[in-house]
Amino acid sequence: MGGFYFYNTGIKKYKNQDSEETVKWYRESYSRGCDEAKEALVKLDRAAAEKGDAYAQYELAKLITPDLSVPANVSDAQEYCKKFCEEHKSEYEESARWLKMAVEQGQKDALFELGKRYRWGNGGVKLDHEEAKKLLAEAYELGVKEAFD
């Protein structure tokens, strides 16, 4: 559905190709497993993120973060994870960079996500309990109740 909006070929035509409606439909498609929607979202979010949109920065960070899932047949999960993270280091670092930009603007979900990363020392940042506490407390104050855990 997002493609219909984006390419102005469907139900309704939009002059602004990265309209909220387009992004909404791409997010819906992506949530249902459509890989093409993810590619489109990365383009749309990157364009908005580069213009300073804090929510787009947060969403882009989530989209470009490599998904680490350990196959069941792996004998040494810890070694597998270490190798995976080394291979995807630049993606994790780029993701963290976008999160930090969103945090600078007070984006609550980015505060929570970056706080979790500092808590565990992963996702492109080094372990830092003080920074984690600060970010998670701020996220909690802004309404992210999960930050209290």
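The legends below describe close-up views of a predicted model.

**Figure 1. Overview of the chain, which has eight helices and zero strands.** Along the sequence the pattern reads α-α-α-α-α-α-α-α. Of the 149 residues in the chain, 36% are buried. Among contacts in the chain with a separation of 6 or more, 43% join residues 24 or more positions apart. The accessible surface of the chain is about 9600 Å², and carbon and sulfur atoms contribute 51% of that surface.

**Figure 2. Confidence along the chain, with an average pLDDT of 87.** A score of at least 70 is reached by 88% of the residues. Residues 1–15 have a pLDDT below 50, and beyond near neighbours in sequence this stretch makes 26 contacts in the model. Where pLDDT is low, predicted coordinates should not be read in detail.

**Figure 3. The aromatic pair Tyr 55 and Tyr 58, one of two aromatic pairs in the structure.** The ring centres of Tyr 55 and Tyr 58 are 6.0 Å apart and the ring planes meet at 50°. Planes under 30 degrees apart would count as stacked and planes over 60 as edge-to-face, so at 50° the pair Tyr 55 and Tyr 58 is tilted. Both residues belong to helix H4 (residues 54–64), where Tyr 55 and Tyr 58 are three residues apart and thus separated by about one helical turn. An α-helix has 3.6 residues a turn, so residues three or four places apart point the same way. Tyr 55 is partly exposed, at 40% relative accessibility, whereas Tyr 58 is buried, at 11%.

**Figure 4. The aromatic pair Tyr 140 and Phe 148, with a lysine over the tyrosine ring.** Tyr 140 and Phe 148 are 5.4 Å apart from centre to centre, with 40° between the planes, and this pair is tilted. Tyr 140 has a relative accessible area of 33% and is partly exposed. Phe 148 is exposed, at 64% relative accessibility. The charged end of Lys 145 sits over the ring of Tyr 140, at 4.9 Å from the ring centre.

**Figure 5. Arg 97 over the face of Trp 98.** The distance from Arg 97 to the ring centre of Trp 98 is 4.8 Å.

**Figure 6. Helix H3, residues 35–50.** The 16 residues of H3 should span 22 Å at 1.5 Å a residue, and the end C-alpha atoms of the helix are 23 Å apart, which agrees. The buried residues in H3 are Ala 37, Ala 40, Leu 41, Val 42, Leu 44, Asp 45, Ala 48 and Ala 49. Gly 52 follows H3 and has a positive phi, near 100°.

**Figure 7. Surroundings of Asp 45 in helix H3.** With a relative accessible area of 3%, Asp 45 is buried. Neighbours within four places in sequence left aside, Asp 45 is in contact with Arg 27, Ala 56, Glu 59, Leu 60 and Leu 63.

**Figure 8. Thr 22 in helix H2, residues 20–31.** The relative accessibility of Thr 22 is 0%, and Thr 22 therefore counts as buried. Thr 22 and Leu 44 are 22 residues apart along the chain, and their C-alpha atoms are separated by 9.2 Å. Leu 44 is among the buried residues in H3.

**Figure 9. Gln 107 in the loop between helix H6 (89–104) and helix H7 (108–120).** Gln 107 is buried, at a relative accessible area of 11%. Apart from neighbours within four places in sequence, Gln 107 is in contact with Ala 54, Tyr 55, Tyr 58 and Ala 102. Tyr 55 and Tyr 58 form the tilted pair of Figure 3. The C-alpha atoms of Gln 107 and Ala 139 are separated by 8.3 Å, with the two residues 32 apart along the chain.

**Figure 10. Contacts of Arg 117 in helix H7.** Arg 117 has 5% relative accessibility and counts as buried. Beyond neighbours within four places in sequence, Arg 117 is in contact with Ala 61, Thr 65, Tyr 92, Ser 95, Ala 96, Leu 99, Asn 122, Gly 123 and Val 125.

Technical notes: Residues numbered from 1 in each chain as written. Predicted model: local features only at pLDDT ≥ 70, side-chain atom pairs only at ≥ 80, totals over all residues. Heavy atoms only, no water. Phe/Tyr/Trp six-rings, centres within 6.5 Å; stacked < 30°, edge-to-face > 60°. Helix = DSSP H or I, 4+ residues; strand = E, 2+ residues; numbered from the N terminus. Buried < 20%, exposed > 50% of the residue type's maximum accessible area, 1.4 Å probe, protein only. Lys NZ or Arg CZ within 6 Å of the ring centre and 35° of its normal. Expected span 1.5 Å × (residues − 1). Contact = heavy atoms within 4.5 Å. Areas by Shrake-Rupley, 256 points an atom, 1.4 Å probe, with all protein chains shown as cover. pLDDT = per-residue confidence, 0-100.
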